[in-house]
Amino acid sequence: GMTFSVVGISLALVKVVISCYVAVLNQKALKKDSNPFPVQFSALKVSWALTSLVYMIVKDGFLGEWDLFGVWSSRTIVLVFAGFILKTLFNQYLLKVLDAIWKNISEAVGVILVYFANIAFLGGSFDAAVFNAAFTVLLACVAYVLSKAAAGKKSDVGDELNPSHYPELQTSLLAATRRRIRGC
């Protein structure tokens with residue numbers, strides 16, 4: 001079965017917080033810049049790739065055993081790079097067109113699709129707890145987006161209960177009653 005560790009859960013939470021923060025910064029940069037999307041995407045990913053290469057050389061090279069790709073086969077390299085390029089292309093486009101929340105929803109959908117691809121094509125087994133965890137994250141993101149959309153809409157019930165929508169009630173009922181009594 002699955003085991004949970006405090007360190008693993010903490011690292012996952014830190015990764016999510018950092019990912020969301022970077023997505024918001026990335027969204028601001030993409031929407032502020034006037035260059036076309038392919039230029040923006042290339043600039044972001046070239047700088048990211050160079051930073052990752054330097055990190056890999058330092059970590060697995062100077063501080064490791066110079067085994068930069070471990071036991072990766074050529075198939076692994078093609079699948080990882082092709083999948084990652086497509087994922088980041090779609091995510092960056094969502095950041096440009098929509099916002100960071102939709103980017104995170106697309107990543108949650110991607111996790112579920114990768115999970116089912118693992119089962120369908122690589123012989124993995126279905127684990128209800130893993131599927132439920134991924135699906136819960138997806139539903140939480142969608143619920144957050146829907147709650148933000150509903151917050152902007154005025155409630156019909158709220159309008160009915162708002163006294164300012166009834167100008168005839170702005171004057172005191174007691175004053176109107178006094179005027180009627182004096183008039184008699």
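In this predicted model, a nonpolar patch of about 480 Å² lies on the surface and is made by Val 14, Ile 18, Tyr 21, Val 22 and Leu 25. One of these residues, Val 22, is found in helix α1, which covers residues 6-32. Val 22 has a relative accessible area of 43% and is therefore classed as partly exposed, since that term applies to values between the 20% limit for buried residues and the 50% limit for exposed ones. An α-helix has 3.6 residues a turn, so residues three or four places apart point the same way.

Helix α1 also contributes to the largest pocket, which has a volume of about 740 Å³. This pocket is lined by 23 residues, and those that lie nearest its centre are Ala 12, Leu 13, Val 16, Ala 133 and Val 137. At least two residues of the lining are supplied by each of the helices α1, α4 and α5, the last of these comprising residues 128-152. With eight residues, α1 gives the most to the lining of the largest pocket.

Helix α4 runs over residues 100-122, and because each residue is expected to add 1.5 Å, its 23 residues should span 33 Å, a value that agrees with the 31 Å separating its end C-alpha atoms. Within α4, the buried residues are Ala 100, Lys 103, Asn 104, Ile 105, Glu 107, Ala 108, Ile 112 and Tyr 115, where buried denotes a relative accessible area under 20%. After α4 comes Gly 123, whose phi is positive, near 75 degrees.

Note on methods. Residues numbered from 1 in each chain as written. Predicted model: local features only at pLDDT ≥ 70, side-chain atom pairs only at ≥ 80, totals over all residues. Heavy atoms only, no water. Helix = DSSP H or I, 4+ residues; strand = E, 2+ residues; numbered from the N terminus. Expected span 1.5 Å × (residues − 1). Buried < 20%, exposed > 50% of the residue type's maximum accessible area, 1.4 Å probe, protein only. Patch = residues over 30% accessible without salt bridge, like charges linked within 9 Å, V, L, I, M, F, W, Y side chains within 5 Å. Areas by Shrake-Rupley, 256 points an atom, 1.4 Å probe, with all protein chains shown as cover. Salt bridge = Lys/Arg side-chain N within 4 Å of Asp/Glu carboxyl O. 1 Å grid on protein atoms, 1.4 Å probe; cavity = no way out; pocket = protein on both sides within 12 Å on 5 of 7 lines; lining within 4 Å. Points joined across faces, edges and corners; volume = space filled by probe spheres on them.
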